[in-house]
Each structure stands twice: as C-alpha cells, then as structure tokens.
Amino acid sequence: FLKRLFWNEFIFDDRRDDASEINKALSYLHDQGVIELEAGVNSAGARLEIKGRGRSQLHHYAGLVENYLESYWVVIRGTAYLRKEARSERSWMKSLIKLGTRMYRKGEIRRAEALSQANYQNAIAFLKDYGIVLVSEAPDKKDRREARIYSLREDRKALEVLRRRVFRYL
C-alpha cells in the first residue's frame with residue numbers, strides 16, 4: 001500500500017520483489033538489534049518483537065515518511081473542498097495550503113515539512129491515478145490559457161477506504 005501511495009515521491013525498482021525487499025529490511029533491523037524475529041511453523045506463526053532500544057530507533061525511521069503521510073492526509077482532508085463544486089488547480093492548492101497551515105497550528109499534523117506544495121501535488125497525482133479525483137481542462141479567464149479543474153467522483157467509497165488506511169499510519 002505504501003509503495004503505491006508514495007509512487008510519485010520515491011524511486012522504486014519494479015524488477016525487485018516486494019517480499020525480498022521487506023525481508024532485506026527486516027534482516028537489517030534484526031542485525032542492528034532493533035527487532036527480534038521468531039520463525040513459526042508457517043508464515044502465520046512468525047513473530048516480530050521490537051526490542052527495548054528498537055522503539056526509539058524505529059521512530060527515526062518512521063520520521064522519514066511521516067511528513068509525506070501528513071501531506072497526503074492534508075490533501076485527503078482537502079477533498080472536502082471539491083464536494084460542493086469543482087475547483088481550479090490554483091484555487092484548490094490555495095485551500096490546501098490554508099488547511100495544512102491550520103492543521104499544523106492545531107497540532108493535527110506535527111511536521112512543518114508536511115506543508116510542502118510539491119508533496120500536495122504528488123498526493124493529488126495519486127488521487128487522480130487512484131480514480132478518486134477527476135481532472136478536466138477548461139479555459140482560465142485570468143491567464144488566457146487552459147487550467148486544470150478538479151472534481152470528486154460520485155462514488156466516494158474509494159476515498160473513504162483511502163482516508164481510513166492513511167489515518168492508521170498517523
């Protein structure tokens with residue numbers, strides 16, 4: 001899920017198997033004494049235990065992606081602006097910036113890095129690719145050029161599922 005979510009943020013090698021990458025990361029954390037692995041009879045019986053100092057070390061690793069999760073959370077919450085009417089890219093981005101700033105001041109998001117417009121744009125690209133947000137082109141009267149207009153799909157089940165999945169990581 002996170003790999004698909006952050007597809008626009010990081011460079012991924014599609015030739016590599018996700019399971020082997022996860023096992024490689026777990027082996028590294030085990031070698032560093034952060035986690036203890038116990039193999040079970042089958043994959044359902046396997047256990048992972050976070051060691052004493054591992055909890056503080058894992059916070060550092062989690063911090064590497066926390067600002068991205070928070071940025072995506074702002075954009076997901078910001079889809080509420082599209083419920084009543086479609087908005088231009090510029091108008092929606094201004095609203096997202098205000099929303100993110102307000103959420104940061106209230107403590108709903110903790111990292112100032114989450115207020116990144118680049119992260120917001122990547123989150124919007126994800127929502128478009130995921131089929132939650134629709135994009136159309138319309139003439140922009142002010143700039144005399146084409147402007148992107150964003151709207152929400154009628155079926156909002158996918159948005160709710162995504163909202164819940166992202167919130168679990170926060």
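This note sets out numbered points on the salt bridges, the largest pocket, the helices and several single residues of the structure above.

1. Status of the model. The structure is a predicted model. Every statement below should be read with that in mind.

2. Salt bridges as a whole. Twelve salt bridges are found when the whole structure is searched. Three of them are discussed in the next points, including the pair formed by E89 and R148.

3. The pair R47 and E49. A salt bridge joins R47 to E49, and the closest N and O atoms are 3.6 Å apart. That distance satisfies the cut-off for a salt bridge, because the nitrogen must be within 4 Å of the carboxyl oxygen. R47 has a relative accessibility of 45% and therefore counts as partly exposed. E49 is also placed in the partly exposed class, with a value of 36%.

4. The pair E89 and R148. Here the side chains meet in a salt bridge with an N to O distance of 3.4 Å. E89 belongs to helix α4 (residues 89–106), whereas R148 belongs to strand β5 (residues 145–152), so this pair ties together parts that are 59 residues apart in sequence. E89 is partly exposed, its relative accessible area being 28%. R148 is likewise partly exposed, at 39% relative accessibility.

5. The pair E108 and K106. E108 forms a salt bridge with K106, and their closest N and O atoms are 3.9 Å apart. The two partners fall into separate exposure classes: E108 is partly exposed at 37% relative accessibility, whereas K106 is exposed at 61%. The reason is the cut-off, because a residue counts as exposed when its relative accessible area is over 50%. Elsewhere, R47, E49 and K51 are joined into one network by salt bridges that share partners.

6. The largest pocket. The space in the largest pocket amounts to about 1400 Å³. Its lining consists of 28 residues, and L2, I22, A25, Y61 and V65 lie nearest the centre of the pocket. By class, 18 of the lining residues are nonpolar, two are polar and eight are charged.

7. Helices around the pocket. Which helices each supply at least two residues of the lining of the largest pocket? They are α1 (2–5), α2 (18–31) and α3 (54–78). The greatest contribution comes from α3, which gives nine residues to the lining.

8. Helix α3. This helix has 25 residues and reaches 35 Å from its first C-alpha to its last, close to the expected 36 Å. The helix nevertheless contains a kink of about 40°, centred on V65. V65 is also one of the residues that lie nearest the centre of the largest pocket. N67 lies in helix α3 as well. At 11% relative accessibility, N67 counts as buried, because buried means under 20% relative accessible area. The C-alpha atoms of N67 and R110 are 8.2 Å apart in space, although the residues are 43 apart in sequence.

9. Helix α2. The 14 residues of α2 should span 20 Å at 1.5 Å a residue, and the end C-alpha atoms are 20 Å apart, which agrees. After α2 comes G33, whose phi is positive, near 80°.

10. Residue E85. Where is E85 placed? E85 sits in the loop between α3 and β3 (87–88). Its relative accessibility of 51% puts E85 in the exposed class. E85 and N119 are 34 residues apart in sequence, and their C-alpha atoms are 23 Å apart in space.

11. Residue A125. Helix α5 (residues 117–129) contains A125. A125 is partly exposed, with a relative accessible area of 25%. Between the C-alpha atoms of A125 and L162, which are 37 residues apart along the chain, the separation is 14 Å.

12. Residue R90. R90 is part of helix α4. At 41% relative accessibility, R90 is partly exposed. R90 and E36 are 54 residues apart along the chain, and their C-alpha atoms are separated by 49 Å.

Technical notes
Residues are numbered from 1 along each chain as its sequence is written. This is a predicted model: local features need pLDDT of at least 70, side-chain atom pairs count only at pLDDT 80 or more; totals for chains, interfaces and linings use all residues. Side-chain values use heavy atoms; hydrogens and water are left out. Buried means under 20% relative accessible area, exposed over 50%, partly exposed in between (1.4 Å probe, protein chains only). Helices (H or I, at least four residues) and strands (E, at least two) are DSSP runs, numbered from the N terminus. On a 1 Å grid over the protein atoms alone, a cavity is a set of points where a 1.4 Å probe fits but cannot get out, and a pocket is an open set with protein on both sides within 12 Å along at least five of seven lines; lining residues have an atom within 4 Å of a point. Grid points are joined across faces, edges and corners, and a volume is the space filled by probe spheres set on the points. Ala, Val, Leu, Ile, Met, Phe, Trp, Tyr, Cys and Pro count as nonpolar, Asp, Glu, Lys and Arg as charged, and the others, Gly among them, as polar. The expected span of a helix is 1.5 Å times one less than its number of residues. The bend at a residue is the angle between axes fitted to the seven residues ending there and the seven starting there.
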